[in-house]
Amino acid sequence: MTKKLAQIISFIFHPALVPTLGFLLLFHSGFYFSFLNWEAKRFILLIVLFSTAILPLLAVALLALNPKFNLVFETGSQRALPMLFSAVFYYMGYVLLGRVNAYPVFKILLIASVLVIVGLLLVSLKWNISSHMAALGGLTGALLSLSFRTGTNPIWIIVAVILASGLVATAQLFLGRNKLWHLEAGYVFGFSVFYLVIYFI
């Protein structure tokens, strides 16, 4: 794997983009909400994209105007403020989905995301943990939990997400951004939170 390819993979599966990618996959997974009309799907995707990607990235861009702010996020303290903003914006997305009477499962997905971000924020203050893998672990956990709850089996989508998770982990290791246990911890944490929240709520 080349450095350029690893950077492209890490960008495509950036934690800010995974929620939108995840909703796109869920809308084509055969679950009951897959049968929503395209207008409804597009509106929900816009809410998700706005609250989980555009607003958090704009917040980071504003923070970057301060020359003392480090965009590399090498330490937990540097990641704390962007994660805090992300948690607030994700919760805003949850509120917006409630206002448009979306399926409860969509709101549960965003609440699970907020829990993961808060957990990552707390853990990052002391240990490094991969937010990339937490996002993909959460998506895997969501797919498996929904599969068990609804009796639907989107096997190829689940396999694709697992393969993508391995690819992203390889890219992160290649770029030297995380150690193996950082990746494992992030994946297990994201998976556990999403699986348990979706399965039991």
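How many residues does helix 6 have, and how far does it reach from its first C-alpha to its last?

## Meet helix 6

Helix 6 covers residues 131-150, so count along the sequence and you get 20 residues. From its first C-alpha to its last, the helix reaches 28 Å, close to the 28 Å expected at 1.5 Å a residue. Keep in mind that this is a predicted model.

Is helix 6 mostly covered or mostly exposed? Mostly covered: 15 of its 20 residues are buried.

## The two ends

Look at the start of helix 6 and you'll find Ser-130. One of its side-chain oxygens comes to within 3.5 Å of the backbone nitrogen of His-132.

At the other end, Gly-151 follows helix 6. The phi of Gly-151 is positive, near 75°.

## Packing with helix 8

Now find helix 8, at residues 180-200. Helix 6 packs with helix 8 at an angle of about 30°, and their axes are 6 Å apart. Angles under 35 degrees count as roughly parallel, and that's why helix 6 and helix 8 get this label. Their crossing is right-handed.

What sort of residues make up the contact of helix 6 with helix 8? There are 14 nonpolar ones, 7 polar ones and 1 charged one.

## Packing with helix 2

Helix 6 also packs with helix 2, which you can spot at residues 18-26. Here the angle is about 25° and the axes are 10 Å apart. That angle makes helix 2 roughly parallel to helix 6. Helix 2 passes helix 6 in a right-handed crossing.

How values were computed: Residues numbered from 1 in each chain as written. Predicted model: local features only at pLDDT ≥ 70, side-chain atom pairs only at ≥ 80, totals over all residues. Heavy atoms only, no water. Helix = DSSP H or I, 4+ residues; strand = E, 2+ residues; numbered from the N terminus. Expected span 1.5 Å × (residues − 1). Buried < 20%, exposed > 50% of the residue type's maximum accessible area, 1.4 Å probe, protein only. Polar contact = N/O pair within 3.5 Å; in protein donor to acceptor, adjacent residues only side chain to side chain. Axes fitted to C-alpha atoms, helices over the stretch in contact; angles between N-to-C directions. Parallel < 35°, antiparallel > 145°, perpendicular 65-115°, else oblique. Left-handed = near helix turned anticlockwise from the far one by under 90°. Nonpolar A, V, L, I, M, F, W, Y, C, P; charged D, E, K, R; others polar.
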